[in-house]
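These are my notebook entries on a structure I went through piece by piece. I set down each point as I looked it up.

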Amino acid sequence: MRDRPELDTDPAAVLDPEQREAVLAPRGPVCVLAGAGTGKTRTITHRIAHLVRRGHVAAGQVLAVTFTARAAGELRTRLRALGVTGVQARTFHAAALRQLRYFWPQVVGDEPWPVLEHKLRLVGQAAHRAGADTSADTLRDLASEIEWAKGSLVTADGYAAAAAGAHRDTPLPASQVATVYAGYEELKNRARTLDFDDLLLHTAAALEEHTGVAEEFRERYRCFVVDEYQDVTPAQQRVLDAWVCPRDDLTVVGDANQTIYSFAGAAPRFLLGFTRRFPDAVTVRLQRDYRSTPEVVSMANRVISAARDRPSGTRLQLVGQQPGGPEPVFAEHDDEPTEARAVADAIADLVAAGVPAGEIAVLFRVNAQSEVYEEALDARGIPFQVRGGERFFRRTEIRAAMRALRAAAASPPDNADLATAVREVLAGQGLSGEAPGGSSARARWESLRALSELADDLAATVPDADLDRFVAELDARADAAHPPVVRGVTLATLHAAKGLEWDAVFLVGLVEGTLPIQYAESGAAIEEERRLLYVGITRARRQLSLSWALSRSEGGRRHRRRSRFLHGLAPEDRPAARLRPAKGKKPVARCRVCGAPVAGTVAVKLSRCASCPSDADTDLLQRLRDWRTGRAKELKVPAYVVFTDATLTAIAEQCPADLAALVAIPGIGSAKSDRFGADVLALVRGEQITG
Ligand code: ATP
Ligand code: MG
């Protein structure tokens, strides 16, 4: 994601008339009902900035909530770009956790109970006690049922009736699920721990039942904003009611067509019923899509117009505002590793063509799909961050860097500015001037660089910030699971991608059983899967690729079918539409030396087994390396962005005589051959390249 500084702070200059109406509405209830990319998040950040700037509310009295840590980070980033600091922008859970920690001594009296990160162990014990099946699948399903019930404010006693009413597909007879649920609650209380849903329930209860707590809270926060309101659960709504009550200073924005957490109890009825609840609310509808090209917008409109049973008020037709761009690309592959390599090749081409890796995302339905993409990107030396980077603060190099920064803060260097002081500490941790080779070394380097860039940002916004302040900022971010943006391709689930945007988006693994996911059986569950595709498509600004593979593993049976949602969208009966149409379907690669089939990215690239001898022209290889260093310096990119070591070796072994032979080397796409082909062929011919 790019931080798009919205430096022009005059709302009239950067907002359309409907957005402006919502931004300038007086304090009180405001509802923005609009499709993806129409500027909902932009509207709320401008509204907050407007209210703060005009002195209607102090920044510290605003609480803005959203649904993922990264989306909360995006809110903060955009607010900072508008010059507003001090607003609390958090996920519901992070906000509740903070409040609960603060109020716990008043409400309960002892040390706050720790939060249970994984509930499966306790669910397993409860299932065992109830004599229920304890297989891994059943336990996971039981945990989901408990989450749904708690998110829907359903107790164990009420579970059976509520589950029947909601047509839940229960993993065990409902009465048995209820017994496991009750047993789980008992074990958890006995262990004096809280699960994520308890954070919400206890926060609401503390505010509802303790007048002192409620008064103190209402003194502190006066203005509430909710992004992605379509995905609020009854438990979150209860917390929100406890926060806002008895005032009505609440702005909500959402898109019912992007409801993707129904499985956890979320319901767009709160969004769609907002004006019934607050009849004086200022209500605004937006239709102009400022994010995506008309090509992407048209695809999004087609996907969502096929949705069944859309509630009234959700039939928005997006109108693209961006100039035209490339048509979305569809591609079918034989197997997942091939799909992943094709995607990684296309990404390498985009990067070579100048698209920053941080502006590219690969989105999939379930986390398990991530791994082949991690491998494929690794093999090409393309940096990436997984699952929104929530694990950032747990990385070894980051923990070590934080220890070193803390130590340095205790005895700060004289007269060094923050950015320099941080860079010096991080240099000791391995942040060299240039990215090192080798993918894990580079991943470590990228995360240290992200820390150093965060220090630059802080120094720019808080001029007198010192190391102590920086360490405090890092602690706060670690607490809120808000990592800095690591410059790399984002690999994330569709659920984690909501609210975000990238120049190029690759939607992968679009097969039946994955999207829709195989356990989506009811009509309603299928519709939620369709909305997930809509969310995925609408993340793309310009480039959109949709792909699928017929078998999971290489050489496996090709029995998978393309996702039903692509029917009518994908060009039909195309045997193998390719991400890179220039290249035909690849025959099985064989070793040039021994003739055996080769597998693995590097071996395929070299067209020989790793164990067979290299016949590289070592003199040419050296000249290619020297040339690469020069080009990388000139373009101010790491050397591997020009060509990886494996690609240079392949060129020096295969000595391509023309462009066709050059692009036949796996990993060299049309973008790279356009850009570097002439140089490379000249080097192969033994010519000198002059600057
Ligand atoms: P989503 O439903 O995906 O969360 P959204 O409605 O919140 O989308 P935003 O993220 O606020 O949309 O806006 C999408 C993009 O369009 C952003 O890059 C934003 O800066 C830009 N944008 C929004 N409104 C305008 C405008 N009036 N003029 C120019 N650009 C705009
Ligand atoms: Mg948004």
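In which helix does A149 lie? I was working with a predicted model, and I found A149 in helix 7, which spans residues 136–151.

Entry on A149. I next asked whether A149 is buried or exposed. Its relative accessibility is 0%, so I recorded A149 as buried, the cut-off being under 20%. I then listed its contacts, leaving aside neighbours within four places in sequence, and obtained V154, Y159 and Y181. For Y181 I also noted the separation: A149 and Y181 are 32 residues apart in sequence, and their C-alpha atoms are 9.1 Å apart in space.

Entry on helix 6. I looked up helix 6, residues 120–129, and found L122, V123, G124, A126 and A127 buried. What do these buried residues pack against? I traced them to helix 7 and to helix 9, residues 174–190. Just after helix 6, I noted that G131 has a positive phi of about 70°.

Entry on domains. I took down the division of the protein chain: domain 1 covers 9–98 + 200–286, domain 2 covers 120–193, domain 3 covers 329–388 + 489–579, domain 4 covers 392–480 and domain 5 covers 601–684. For domain 2 and domain 3, I recorded 33 Å between their centres, taken over C-alpha atoms.

Entry on R90. I located R90 in strand 3, residues 88–91. Its relative accessible area is 14%, which means that R90 counts as buried, since the limit is under 20%. I also found a polar contact of 2.8 Å between the side chains of R90 and Q88.

Entry on a helix pair. Two packed helices are described by the angle between their axes and the distance between the axes. I therefore looked up both values for helix 15 (residues 294–305) and helix 22 (residues 523–537): the axes come within 9 Å and cross at roughly 170°. Because angles over 145 degrees count as roughly antiparallel, I entered helix 15 and helix 22 as roughly antiparallel to each other.

Which residues meet between helix 15 and helix 22? On the helix 15 side I listed V296, M299, A300, V303 and I304, and on the helix 22 side R530, R531, L533, Y534 and I537. By class, I recorded 8 nonpolar, no polar and 2 charged residues in this contact.

Notes
Residues are numbered from 1 along each chain as its sequence is written. Chains are lettered from A and ligands numbered from 1 in the order in which they are written. This is a predicted model: local features need pLDDT of at least 70, side-chain atom pairs count only at pLDDT 80 or more; totals for chains, interfaces and linings use all residues. Side-chain values use heavy atoms; hydrogens and water are left out. Helices (H or I, at least four residues) and strands (E, at least two) are DSSP runs, numbered from the N terminus. Buried means under 20% relative accessible area, exposed over 50%, partly exposed in between (1.4 Å probe, protein chains only). A polar contact is a pair of N or O atoms within 3.5 Å; within protein, one must be able to donate a hydrogen and the other to accept it, and residues adjacent in sequence count only if both atoms are side-chain atoms. Domain bounds come from an automatic or database domain assignment. Axes are lines fitted to C-alpha atoms, for helices over the stretch in contact, and angles run from 0 to 180 degrees between N-to-C directions. Angles under 35 degrees count as roughly parallel, over 145 as roughly antiparallel, 65 to 115 as roughly perpendicular and the rest as oblique. Contact means heavy atoms within 4.5 Å. Ala, Val, Leu, Ile, Met, Phe, Trp, Tyr, Cys and Pro count as nonpolar, Asp, Glu, Lys and Arg as charged, and the others, Gly among them, as polar.
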